[in-house]
Structures are given as C-alpha cells and as structure tokens.
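Here are some short exercises to try with the structure open beside you. Have a go at each task before you read its solution.

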Amino acid sequence: MEEKAPLQNNNNQEIDLWDVFKKLGAWIRQTVEWFYDVFLFAFVFLIRKSLWLVGFIILGCVLAFFMHKTMKPYYNSNMQLRANVMDNAFFVNMINDLSGARDLDALTQKLNLPDTSMAKDILSITACFGVDLNKDGIVDMVDITNKYIRGDSAKASQVVPGYFYINASVYSDKVLPYIKKGIMNIIENNVYVKRYNDDRFVRVNEAVATLTTQINLLDSLQKVDYFDRERRQSIKAGAGPLMVLSEKDQKLYHADILTLTEQRRALESSLILDPNPVTLVKDFSEMQSPVKSFVSYAKPIVSTVLLAGLAFLIIWDNRKKIFQLINEKR
C-alpha cells in the first residue's frame with residue numbers, strides 16, 4: 001500500500017498538467033478563431049461598403065482641394081542662436097510663450113511691431129532644439145516639435161547643447177526682420193537674463209585679471225632665473241675648475257606664458273564678439289516654396305473624413321441593435 005501512494009500522486013500530477021495544456025490549447029484556439037472572425041467581418045464589411053468608402057475618399061479630396069485653394073499659403077524659416085549665458089532650454093521656453101499670444105495687439109506689443117497688420121502675417125513662432133543624429137557634434141535636423149527633449153534619455157542625449165532655433169511660419173518674408181529684432185529685444189531686456197550676463201562679464205574680467213597676474217609673475221620669474229643663471233655662470237668661470245656649483249634645472253616659462261596668454265585672449269574675445277546673452281549664428285533662411293501643398297492638406301482631411309464615414313457606416317448598419325439596447329436600458 002505504501003508503494004502505490006507515490007505512483008498515485010505522480011498520476012494525479014500528470015492529469016493536472018494535461019488539463020492545464022488542454023485549457024491553454026482551448027484558449028489559444030478560441031483567440032485565433034476570434035481574430036479570424038473579426039478579420040473576416042472587417043474584410044466583408046469593407047467589400048460591401050467599398051463604394052461608400054471610395055465616395056468618402058473623393059469627398060475628402062474635394063474638401064482638401066477647396067482648403068488648398070482658399071487658404072493662404074505660408075512659409076517656414078529658421079534662425080539659429082547660441083546661448084552665452086544660462087541653458088538653451090530657458091530661452092526656448094521664453095520664446096515659446098509667444099506662441100500663446102494669438103491676440104494681435106499682444107503680439108504686436110511683445111515683438112514691438114510697427115502695427116497689427118504686420119502681426120497678421122505671422123502664423124506661428126516656435127523655439128526648438130537642434131538634434132545631432134550622427135553624434136559628430138553637427139546639427140543634423142531641427143526638432144520643430146521638440147519631441148527629442150521630451151523623449152527618453154537616448155533621444156534627449158541627441159539634443160545639441162548651447163544652440164537653439166527659432167522657427168517662424170509667416171505669410172510674408174517682410175515680417176522676418178521684425179521678428180528677429182523683437183526676439184532679441186525680449187531676450188536682452190529680460191531682467192533675469194541681464195543679471196546673468198552682467199555676472200558673466202564680472203567673472204570673465206576677474207579671470208582675465210588673474211591670468212594677467214600669472215603671466216606677469218611668470219615673466220618676472222623668467223627674468224630673475226635668467227639673470228641668476230648668468231651670475232652663477234660668471235662666478236663659476238672666475239673660480240676655476242676647483243669650484244663646483246649645483247646647477248638648477250632650466251625652467252621653460254615660455255610655453256606656460258603662451259598658454260595663459262591664449263586663454264586670456266579667448267576670454268577677452270568672448271566679451272568683444274559675444275557681449276549679448278545670445279549670439280546670432282545664422283539669420284532667417286531665405287524662403288523657398290510654400291509649406292502647404294495639396295498633399296499636405298489631403299493627408300489629414302481625407303483620413304478624418306474616411307474614419308468618420310467608416311464610423312457612420314458601422315453605426316448605421318447596427319442601428320437596430322443600438323436602439324434595442326437603448327430601449328432595454330430604459
């Protein structure tokens with residue numbers, strides 16, 4: 001009796017495992033059948049409603065053509081800037097606040113435009129980042145939607161630091177110089193930015209003064225060491241071969257002085273060449289062809305009309321069941 005007990009337990013375990021496999025196989029079969037039924041229903045439905053779907057596509061194309069002919073074409077242009085103080089994300093957020101100022105009077109005041117009629121030529125102003133896809137330090141694309149900075153760490157690491165771009169969508173290129181001037185004024189007149197830029201001048205001037213002191217000190221030590229070597233050589237020559245003096249290793253001050261001088265020149269040049277909080281690297285590019293072509297209108301409009309029409313057909317075919325469910329709930 002004791003020997004039959006382990007065999008009985010093993011048989012029970014095999015039966016339980018077999019039941020698990022049977023249930024799993026049944027679930028997989030039911031899932032595959034459900035997907036097959038859904039696919040078959042969708043395929044038959046699309047075949048039955050193909051003329052309706054073609055009509056919806058034609059309707060979408062007609063609406064897109066109408067929008068294309070009636071809507072005023074606009075142009076895109078980019079301007080590249082380099083942040084000399086603070087992080088470039090700060091300036092991007094500052095400029096993007098302009099996109100919320102759709103009131104013509106507010107936009108005219110912020111950009112200091114001559115009149116509101118010029119504000120009507122501005123469709124949008126967006127600040128964005130440059131993206132280095134090849135990891136070679138060169139901007140490969142301008143991320144107009146700023147999806148890289150808001151993405152995961154891998155995408156965010158491709159954003160080029162220091163530089164940012166202003167993308168302007170306008171109806172006329174005459175407004176671009178005013179946009180550039182207005183944005184530069186907004187940045188330079190910001191109290192917070194001015195404080196950081198003034199602090200940058202103080203720190204750079206202090207660094208220049210420190211480097212000047214070190215250069216003068218090394219120059220003095222070089223002169224002292226030179227005259228000291230001359231004096232010791234003359235004493236040694238007068239004493240004759242019996243007098244032996246320990247020679248100090250010759251110091252090469254010239255390389256250190258040259259390095260410090262280059263550092264000082266770079267700091268001084270930064271204040272002369274880049275005195276403002278941001279530096280204009282590349283002005284607004286010359287506008288080529290309008291952004292909105294027929295295809296750019298047709299893609300979203302046809303897709304929307306087609307999806308709306310498909311939803312209408314599904315609801316219309318099942319209207320009796322829908323009304324029956326509504327009546328039952330009442």
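**Exercise 1: The nonpolar core**

Task: In this predicted model, find the residues of the largest nonpolar core that touch the most other members.

Solution: Start with the 35 residues of the largest nonpolar core. Those touching the most other members are L111, F164, I166, I179, I183 and I187. Next, look at where the core comes from: β1, α3, α4 (104–111), α5 (116–119), β2, β4 and α7 (176–188) each supply at least two of its residues. Finally, another core of 10 residues lies apart from this one, and F45, A64, Y297 and I301 are among its members.

**Exercise 2: Around I187**

Task: Which residues does I187 touch, not counting residues up to four places away in sequence?

Solution: Contact here means heavy atoms within 4.5 Å. With that cut-off, I187 touches F91, M94, I95 and F164. The list also includes V193, P277 and V278.

**Exercise 3: The sheet**

Task: In what order do the 5 strands of the open sheet lie?

Solution: Trace the sheet from one side to the other, and the order reads β3-β2-β4-β1-β5, with antiparallel pairing. The edge strands, β3 (141–143) and β5 (278–282), each pair on one side only. On average, neighbouring strands are turned by 40 degrees against each other, direction ignored.

Now zoom in on one pair. Strands β2 (residues 122–131) and β4 (residues 163–170) pair in the antiparallel sense over 6 bridges. For I122, the bridge partner in β4 is V170.

**Exercise 4: A helix across the sheet**

Task: Which strands does helix α3 lie across?

Solution: Helix α3 (residues 88–96) lies across β1 (75–83), β2, β4 and β5. Relative to β2, helix α3 runs at about 165 degrees.

Terms used
Residues are numbered from 1 along each chain as its sequence is written. This is a predicted model: local features need pLDDT of at least 70, side-chain atom pairs count only at pLDDT 80 or more; totals for chains, interfaces and linings use all residues. Side-chain values use heavy atoms; hydrogens and water are left out. Two strands pair if DSSP finds at least two bridges between them. Helices (H or I, at least four residues) and strands (E, at least two) are DSSP runs, numbered from the N terminus. Axes are lines fitted to C-alpha atoms, for helices over the stretch in contact, and angles run from 0 to 180 degrees between N-to-C directions. A nonpolar core is a set of buried Ala, Val, Leu, Ile, Met, Phe, Trp, Tyr and Cys residues joined through side-chain atoms within 4.5 Å. Buried means under 20% relative accessible area, exposed over 50%, partly exposed in between (1.4 Å probe, protein chains only).
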